[in-house]
Amino acid sequence: MSVRRTVADALLRLVPRLRSRRAWLALSALLACAGALYVHALNDQLRIVEPSRLVVDRRGRYLGEVPAGDGELGYWPLPYVMPERIVAATIVTEDQHFHEHPGVYLPSVARAVLQNARNVRVISGASTLAMQVARMQDPGSRTLLRKMSEALEALLLIHEHGHEQVLRQYLTIAPYGNRAHGVVRAARLYFDKPAEDLSWAQAAFLVGLPQMPGRMNPWSPAGLRRAKKRSHRILRELHAKGLLSAVELEQSLSADLGIVPRPSRRPEALHAVLEWSAQAKRRQSPISVATIDLEIQEQAAAILRDNLARIEDSGAGNTSALVVDTATGDILAWVGSRDFFSEEHKGAIDFVRTRRSPGSALKPFLYALGLEKGVFTAASELPDTPMDVRSDTGGAYLPENINHTFMGPMLLREALGNSRNIPALRVLSEVGVEPALRFFENAGVGNISWEPDRYGLGLAIGNLPVTLEELAQLYGVLAREGESLPLRRFVDEPQVPSRRLLNREAAQLIRHILSDPLARRPMFPVGGALDFPYAVAVKTGTSQGYRDAWTVAFSDRLLVAVWVGNHDWRRMRGVGGASGAAAAAHQIMDRVMADHRPWQPVLDTFPPPERAVAVDICPLSGRLASTDCPHRKSEWFLPGTAPTEPCPFHAKVKLDRRNGLRAGLSCPESEVISRVMLDLPDIYTQWARSQHLDVSPRQESPLCPSREESVLPKVVIREPRGQVRLLFDPDTPASASTLRLAAEVTPSTEPIVWLVDGVPVATVSYPYEYRWSVTPGKHVITAAMSRHPEVSPPLTVVVED
């Protein structure tokens, strides 16, 4: 139907209602302006405005709100059945004849025309609800031409959509002050309740606000007085119309409105507000209930600030944390930085989502993959001794532990518990870099590069950057016994089905190790931040140069992840995971655990895998404890993985009593004595010497050697291996610019000569080690036997100037 026909029909419907000269005058004015307005495109549609999105925490407290398309708040849809009290109060206040006219009430128009004509300006608008909807949908200046346009559009709106839809539109878009549009949003804003639950006093209060929303601000004393005064007039009018009894009127006039304080964003939750607001934009509901608990958020933020104050003098500038419910994946706290508004520390950066080096924090997953692969057990022997790591390009480097020491033979449980670097590298070399990367990618780690040699064995010590959120998801896999833990941001968000990422028993065993305080000794002392009085699996991480400090801890119901560092990757002075982040993680865990599902008994310890069996082993070798082992411990093994061989590290060794060296085959029995000693493999020789251990000698007594002709002479360079590339620093003292050389020699009674570029530099006996002072250039190093012609394969060392 055309606009011309619609307007004509609406005007004809007015004719039978004309009862006075003023009414005819009003109609004449409408007809006079209709011609002028005919060229204008009149709007007969109800404007649809994208509603704002309110985000509240899991207890209903204000978290943040995403404005509507025009930058305002509200425009929330009304319930299917409009609130009766709001409807009644609105009609009584704004348009008492709403259901009697087609959009324009002529007696009011006639009155307005006479008043405006006498004053030659707009004094009275005679606006009906439909006319107000037309004005709010297309705001403009208050001129006579404009009023006539609104009147004609009101006729069109009622004709096209009916009274109920126009009233619904008014209650959806009307301004109620403080940028809020629509009665549904206003009810939440001022009373924190649904519009249908408002009392008569509250309904009348809201209905009066659109008349002067700026001057009747409920949160200012003067505005509140004006708004109450107007609401009392509305209540009396409702009573006069028979909609409110005398008792209800008296109660409503004296009732406490229950206006809630102005909602405000919590400074410690601003990163969470931004994160959840961005997610809320994609949701249909105007109100989203976040998984965040503001009380936990505030507690975590306060603990982080106190912890940062403790270590700030050591160069720590920023911090972040996540708290997650491991049963549901709900994020209970999301602290993005120390202070959102800190320009010095770039507090606006959300460090929960910033990629940083995790240090040792990824090690547990490499160990888990090794257990799953079946090449390791919790008692596997992992040498913590110097190890040269070669790249695909032939280069090599010598990795170290964070404290620059080595601990010799270690079992997997203690190697992981003490977070040793060298054992982790050995595990990764067995697991494989590519399978490890595939696991991390499947577990949710993003931005993984698949360029060859991008990570290498450095993957074990932190060269795969992760976010704190990704790290929390990874540890959720261990908390959920090998299944993924999808993180949830809204309480009504459907649970994403979990995926099996690790063998259940491997994940259980890693969790058991990480919660074992004895496995962390001696690196982490008794009573430190990693020790809990209840079952908590915990792991720290420290990136190279102390640029990042991490701690992740999880109990039977909570997971806490904490990061400490600087926005510009500036080094901290000795602040690592244990000293910088663990204390905050511990305090957050204790604080939240006290009130989180308190009816559920707290686990004292995490149980080992159900099918695992306990076996007594030697704590040094990981093999079955023999009668010669001075100590023993119990370890858990999955079926078929328990050791079957006795410990080889504690054995009776035959010695030549004359010099304490190994007795050869030719030694007379009268000169041979037997002692139970540490009989360690060659890889531990240097470590044992540095620890001043009483170990069995490797060298045979020259007084009674074995028959030499039965031993084939042999010499090979054991350390370093491959092609070595070093950077020469002229500022470093010559005594410190050395490269350790070590060889394996058979028989062990023969000395060797170290040669550099064919020039002898040292003659050494067992254990055949030498520190060579490096000089710039390309060098070829060999080791030659003194009494045999055998020479080792050459070693190439490039020292760059």
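**Close-up 1. The packing partners of helix α19 in this predicted model.** The buried residues of α19 pack against one helix, α12 (294-311), and against the strands β6 (318-325), β12 (537-542), β13 (548-554) and β14 (558-565). Helix α19 itself spans residues 577-593 and is mostly covered, with 12 of its 17 residues buried. The buried set includes the run A581, A582, A583, A584 and A585, which is followed by H586. G577 and G580 are also buried, as are I588, M589, V592 and M593 towards the end of the helix. As a reminder while you look along it, an α-helix has 3.6 residues a turn, so residues three or four places apart point the same way.

**Close-up 2. The cis peptide bond between R521 and P522.** Here omega is about 10°. You will find P522 in the loop that runs between α18 (504-514) and β12. Strand β12 may be familiar from the previous view, where it is among the elements that the buried residues of α19 pack against.

**Close-up 3. The cis peptide bond between E719 and P720.** For this bond, omega is about -10°. P720 sits in the loop linking β19 (714-719) with β20 (724-727). Such bonds are worth a pause, because most peptide bonds are trans.

**Close-up 4. A positive phi at K346.** K346 is not a glycine, yet its phi is positive, at about 50°. Look for K346 in the loop between β7 (331-335) and α13 (363-373). Why does K346 count as partly exposed? The reason is its relative accessibility of 33%, which lies between the limits of 20% for buried and 50% for exposed.

**Close-up 5. A positive phi at S419.** S419, again not a glycine, has a phi of about 55°. The loop that holds S419 lies between α14 (412-417) and α15 (421-431). S419 counts as buried because its relative accessibility is 13%, and the cut-off for buried is under 20%. For context, most residues other than glycine have a negative phi.

**Close-up 6. Confidence along the chain, with two stretches to read with care.** The protein chain has a mean pLDDT of 88, and 88% of its residues reach 70 or more. Over residues 35-40, however, the pLDDT is below 50, and this stretch has 5 contacts in the model beyond near neighbours in sequence. Residues 392-397 also have a pLDDT below 50; beyond near neighbours in sequence, 17 contacts are found for this second stretch in the model.

Notes
Residues numbered from 1 in each chain as written. Predicted model: local features only at pLDDT ≥ 70, side-chain atom pairs only at ≥ 80, totals over all residues. Heavy atoms only, no water. pLDDT = per-residue confidence, 0-100. Contact = heavy atoms within 4.5 Å. Buried < 20%, exposed > 50% of the residue type's maximum accessible area, 1.4 Å probe, protein only. Helix = DSSP H or I, 4+ residues; strand = E, 2+ residues; numbered from the N terminus.
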